[in-house]
Amino acid sequence: MAILINEKTRVLVQGITGREGRARTKLMKGYGTNVVAGVTPGKGGQEVEGVPVFDSVYEALEKVGEINASAIFVPAPLVKSAALEAIDAGIKLLLLVPDRVPIHDVLEIAAHAERRGAKFIGPNTLGVLSPGRAVLGMIGGRPETAKQWFNKGDIGVSSRSGGITSAISYYISRAGFGLSTIVHVGGDAVVGLPHPDIMKLFQQDPETKMMVMFGEIGTTQEERVAEMIEKGEITKPVVAFIGGKAAKEGTRFSHAGAIVEGGRGSYASKVEKLKKAGAYIAESLMDIPKVVAEVRKKHGLD
Amino acid sequence: MARLYEYQGKKILKLSGIKIPEGDVANTPKQAKEITERLGPPVVLKIQVWSKGRAEIGGVKFANSPEEAEQIASALLGIKVKNFIVEKLLVEKKADIDRELFAGIIIDDYHKKPMLVFSSIGGTGIEEIAREHPEAILTQHIDVLEGFPEYRARKLLTKMGFKGKILVKLSSTLSKLYKAFREYDARSAEINPLVITVDGEVVALDCHITIDDYAVYRHSDLGIEIAREFDRPPTELEKIAYKVEEKDYRGTFYFFQMTEKPDPAENYIGFHGAGGGGSMMSMDAVLKRGFKIANFTDTSGNPPASKVYRAAKIILSQPGIVGYFASGSGVASQEQFNSARGLVKAFMEDQIEIPAVLRLGGNYEEKAIEILETFSKFIPAKIEGYGRDDSPEFCADRLAELIKEGGRKVHRVKPIEEYKPPKGVYSFNTLTGKVFIDHSACAKCERKVCVDACSYGVLKFENGRPVLAIAEEDAGKGKCTECLACELACFLEGKKAIHIELPIPGLKEYREKILKEGE
């Protein structure tokens with residue numbers, strides 16, 4: 001099963017002829033992802049890594065048939081236009097890889113996605129990888145390393161940092177455990193599928209038996225996961241590690257933010273709420289495999 | 001989030017049609033006097049700093065005559081508030097306040113929508129008011145595709161008991177505030193207090209606006225120097241670093257100084273992280289080991305070698321550091337040989353004498369570590385490279401040991417020597433630099449490793465000399481990725497005929513200044 005992506009998912013790459021688009025298409029194809037088409041306006045007719053390139057998403061759909069997901073590798077100022085084209089063409093899952101996408105562009109993408117029943121991951125994401133099945137985005141760098149680093153198994157990983165997504169997953173694999181799907185939700189304040197949405201998908205996935213979550217200070221994603229555990233919406237064990245303990249709390253400039261969020265968003269708030277709800281807290285990244293082993297033993301997962 | 005000063009925020013509000021008090025900015029006491037004469041007293045003088053609670057620290061004063069305004073201005077200009085020297089005062093006509101309200105728009109990350117926050121009680125202490133009087137607070141999500149027309153604002157405000165002309169003026173203000181928020185890519189836009197004056201006008205008396213860092217490029221008119229959240233003015237070196245980032249969209253480069261003058265007696269190191277989470281984790285490891293970091297730097301998102309090189313050169317412009325530490329998550333997807341090449345080019349040029357521990361784990365880490373090992377013999381200091389199976393804690397320990405073994409040398413900043421191309425040199429432009437190839441040296445070369453080293457097929461041989469294999473225009477647009485492979489291969493095995501010039505505007509002058517101060 002896995003979540004969001006598997007070997008059957010038919011993938012489009014927008015911005016396929018650029019530096020990143022080319023390199024990541026090579027990774028995706030080499031790993032086993034079913035990349036069916038690419039789009040770069042003005043460059044239709046070419047091929048990249050054996051993938052046909054079209055001038056528009058509409059044309060790609062017409063020529064190759066069904067497309068389930070689009071990975072977007074265009075420069076940040078062009079992401080909005082690429083995403084809106086994919087949503088308009090009817091694609092239901094988008095991956096917005098670039099960093100530095102203006103937040104108001106993300107709000108517009110979100111509004112259109114909501115109306116059309118589409119979902120998006122990112123922006124500022126490395127992507128999603130289901131070991132042994134497929135990768136969407138750039139996790140793992142190259143097919144050889146991606147295959148070598150991540151074992152197939154029953155642990156779902158969701159992380160707000162790209163490098164940490166790979167690090168957690170690698171260290172878990174090295175400890176002898178395996179992964180169902182690993183997701184980098186994206187590093188920005190507003191992302192399409194934050195932790196709570198990913199946790200919900202893992203909860204529904206029969207193959208996933210437990211989850212590991214890497215949170216950071218800011219936003220209320222981790223607090224909302226705690227609430228879901230408390231309400232019984234998440235029943236599978238969750239191991240959490242929150243980064244940014246040493247970071248000093250910034251002096252807030254905004255009153256409205258403080259009025260609405262109250263005390264949420266800080267390291268202390270996240271750890272306390274998660275602990276209270278029954279999640280297992282790892283004190284450092286390197287401790288995660290150890291905590292995972294303990295939790296598996298306690299819940300009889302081996 | 002890039003912060004705007006009150007006077008800048010008010011300019012935006014005014015352009016959007018919101019009423020603000022009449023006034024102007026004074027940089028000198030004389031200007032304060034003239035503005036007061038023009039407006040007619042009484043006036044209010046407000047220091048322009050990024051700080052809440054200016055009134056409590058005496059930064060807001062009233063004057064009843066131009067002379068008094070001049071006196072107050074000379075007392076306020078030049079004082080230090082937190083990390084700011086007050087350079088500007090906003091001088092405004094004093095308003096006759098009947099009632100104070102609060103209006104703000106922020107972005108709700110959960111619903112992925114802007115949210116209006118309005119309070120029928122405003123002014124100082126708004127956060128406490130909100131806790132004690134939740135009934136006075138109204139929140140409302142806004143659909144970006146529909147906007148926030150006045151009739152929607154009227155519907156909301158009617159429920160809160162506003163009527164007649166005030167209702168109309170208030171709803172128009174809220175609708176315009178939303179328009180300004182969208183048009184200027186704001187992360188937050190707040191008016192506090194929003195006042196109703198004795199003569200029935202709705203006026204924005206103070207405002208806080210922050211602009212999305214990622215959208216600052218759309219608003220050059222705002223004059224934002226560095227699109228980042230600072231609680232102090234940026235340092236000179238930070239400005240130089242930001243110029244590098246601003247002009248190069250490939251990957252991310254972030255540079256923040258903890259101190260401008262690292263004390264050589266303390267354990268300051270140059271810190272070079274990769275990726276937000278990995279950098280934080282690595283920073284924790286060195287802090288735990290008793291180091292202090294002079295700067296926080298992050299190069300990630302698959303940056304080209306040229307960007308990593310520039311980051312290293314900027315980090316190495318800080319005198320007083322005793323070590324160099326680079327570390328990210330340890331399992332990076334980015335091609336780590338780019339980081340390795342950028343680092344060794346900078347280390348060789350500057351001939352560093354302080355030890356460096358570089359944890360370049362992840363994609364192509366073996367190649368990255370090999371590059372570090374190969375070139376370490378051209379660098380006076382000890383350089384060690386590590387990978388994904390070496391923890392940040394272990395690497396921090398290694399740096400401490402190397403510093404001890406090396407007798408704890410203190411970094412000396414080197415002047416930047418201008419490259420003087422030999423006569424008849426072959427050259428072409430890259431996206432952010434220029435490649436020079438001395439073909440007279442190539443004539444004596446038997447190794448010919450440069451063309452093979454370029455994995456992007458940018459170079460080819462013509463009569464035994466390396467030249468562009470692609471159009472010069474394409475090389476300049478980014479087809480040459482500035483990976484530095486040809487330069488380093490030629491340095492190692494060829495005739496040292498290739499030089500890639502990667503300018504960093506302002507750094508030469510900055511280093512000269514640092515060197516002069518050190519004398």
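Start with A:I72 in this predicted model. Setting aside neighbours within four places in sequence, A:I72 touches A:Q14 and A:G15, then A:V79, A:A82 and A:A83, and also the run A:L94, A:L95, A:L96 and A:V97. A:I72 also shows up in the largest nonpolar core, a set of 225 residues, where A:I72 and B:I269 have the most contacts inside the core. Helix α9 (residues 305-315) of chain B gives the most to this core, chipping in 7 residues. There's a second, separate core too: 18 residues, including B:I35, B:V44, B:A63 and B:L90.

Now for a pair of helices in chain B. Helix α8 (residues 276-288) packs against helix α12 (residues 392-405) with their axes 9 Å apart, at an angle of about 45°. The two are therefore oblique to each other, and the crossing of α8(B) and α12(B) is right-handed. On the α8(B) side, the residues that meet α12(B) are B:M281, B:S282, B:A285 and B:V286; they face B:P392, B:E393 and B:A396.

Then there's the contact between the chains. Chain A puts in 52 residues and chain B puts in 60 residues. On the side of chain A that touches chain B, α1 (19-31), α4 (103-116), α5 (143-149), α6 (162-174), β12 (210-216) and α9 (255-261) each supply at least two residues.

Here's how the residues of the two contacts divide:

| Contact | Nonpolar | Polar | Charged |
|---|---|---|---|
| α8(B) with α12(B) | 5 residues | 1 residue | 1 residue |
| Side of chain A that touches chain B | 27 residues | 18 residues | 7 residues |

Technical notes
Residues are numbered from 1 along each chain as its sequence is written. Chains are lettered from A and ligands numbered from 1 in the order in which they are written. This is a predicted model: local features need pLDDT of at least 70, side-chain atom pairs count only at pLDDT 80 or more; totals for chains, interfaces and linings use all residues. A nonpolar core is a set of buried Ala, Val, Leu, Ile, Met, Phe, Trp, Tyr and Cys residues joined through C-beta atoms within 7 Å. A residue is buried if 20 or more other C-beta atoms lie within 10 Å of its own, exposed if 12 or fewer, and partly exposed in between; C-beta atoms are placed from the backbone. Helices (H or I, at least four residues) and strands (E, at least two) are DSSP runs, numbered from the N terminus. Two residues are in contact if their C-beta atoms, placed from the backbone, lie within 7 Å. Axes are lines fitted to C-alpha atoms, for helices over the stretch in contact, and angles run from 0 to 180 degrees between N-to-C directions. Angles under 35 degrees count as roughly parallel, over 145 as roughly antiparallel, 65 to 115 as roughly perpendicular and the rest as oblique. A crossing is left-handed if the near helix is turned anticlockwise from the far one by less than a right angle, and right-handed if clockwise. Ala, Val, Leu, Ile, Met, Phe, Trp, Tyr, Cys and Pro count as nonpolar, Asp, Glu, Lys and Arg as charged, and the others, Gly among them, as polar.
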